Amino acid sequence: LAEGRAALAQDASPVASPDSCPATTPEDNALIVQRYWDEVWNAQNDAALAEVFAADEIHHWGVGDTTVGPEEFLARVATFRAAFPDFQIHVEKTVKEDDHVVSYYRATGTHQGEWLGIQPTGNEIEYNGVNIFRVACGRIAESWGVANHLGLIQQLGGMTTVATPTA
């Protein structure tokens, strides 16, 4: 590492030899990411996570703590699934370049369990988000996500107004 520079996840990823790491195309990488959305999120197939995630996958949620590895990821997802058992991701746009895939999505579900201290409302929710994935050796190695969580909280009645800054 360069002196004075913080370590990045990309720096920590081992360089695999061609024999130990399957080569993937941007199209292959997009299919891996689509499988993540379809099987892990929409079908709630936790076993599929082992097939699409690297063992040390780093997941930057955008809200809350970063998780490392499938176990921490699934623990985080479990609380969300308990609150929104019918949660679905609808990928509306995919952009792929080299080892990165970007998904723009619309999320839907029904608030049926406690989430962030907000008791179940029965409200149907819908919000948008973007995830950037880095794929290495045929697995998702890292992900950065950002979503309209403020809009989600407002749909649950958790925050009804937002202050507008004045000049």
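The following exchange concerns a predicted model and the reasons behind the terms applied to it.

Me: Why is the pair of Tyr 36 and Phe 53 called stacked?
Reply: The ring centres of Tyr 36 and Phe 53 lie 5.7 Å apart, with 20° between the planes. Rings pair if their centres lie within 6.5 Å, and planes under 30 degrees apart count as stacked. Both values meet these limits, so the pair is stacked. By this rule the count comes to 16 aromatic pairs.

Me: What makes this a pair that links distant parts of the chain?
Reply: Tyr 36 belongs to helix H2 and Phe 53 to strand S1, and the two residues are 17 residues apart.

Me: Why are S3 and S4 said to pair?
Reply: Strands pair if at least two bridges are found between them. Nine bridges join S3 to strand S4 (residues 100-110), and therefore the criterion is met. The two strands run antiparallel. Among the facing residues, Lys 93 has Tyr 104 in S4 as its bridge partner, while Val 95 stands opposite Val 102 in S4. In the hairpin of S3 and S4, two residues lie between the strands, and Asp 98 takes a positive phi near 55°.

Me: What makes strand S2 and strand S3 the edge strands?
Reply: Strand S2 (67-68) and strand S3 (88-97) each pair on one side only. The open sheet has six strands in the order S2-S1-S6-S5-S4-S3, with mixed pairing.

Me: Which strands does helix H2 touch, and what is its direction relative to S3?
Reply: Helix H2 (residues 26-42) packs on the sheet and touches strand S1 (53-60), S3, S4, strand S5 (124-136) and strand S6 (139-147). Its direction makes about 165° with that of S3. Angles run from 0 to 180 degrees between N-to-C directions, so a value of about 165° places H2 and S3 in nearly opposite directions. Helix H4 (residues 69-83) lies across S1, S2, S4 and S5, at about 55° to S1.

Me: Which residues lie nearest the centre of the largest pocket, and which element gives the most to its lining?
Reply: Trp 41, Trp 61, Arg 76, Phe 80 and His 149 lie nearest the centre, out of 23 lining residues. H4 gives the most to the lining, with four residues, and H2, S1, H4, S5 and S6 each supply at least two. The volume of this pocket is about 400 Å³.

Me: How is the lining of the largest pocket divided by class?
Reply: The lining has 15 nonpolar, six polar and two charged residues. Arg counts as charged, so Arg 76, one of the lining residues, belongs to the charged class.

Key:
Residues numbered from 1 in each chain as written. Predicted model: local features only at pLDDT ≥ 70, side-chain atom pairs only at ≥ 80, totals over all residues. Heavy atoms only, no water. Contact = heavy atoms within 4.5 Å. 1 Å grid on protein atoms, 1.4 Å probe; cavity = no way out; pocket = protein on both sides within 12 Å on 5 of 7 lines; lining within 4 Å. Points joined across faces, edges and corners; volume = space filled by probe spheres on them. Phe/Tyr/Trp six-rings, centres within 6.5 Å; stacked < 30°, edge-to-face > 60°.
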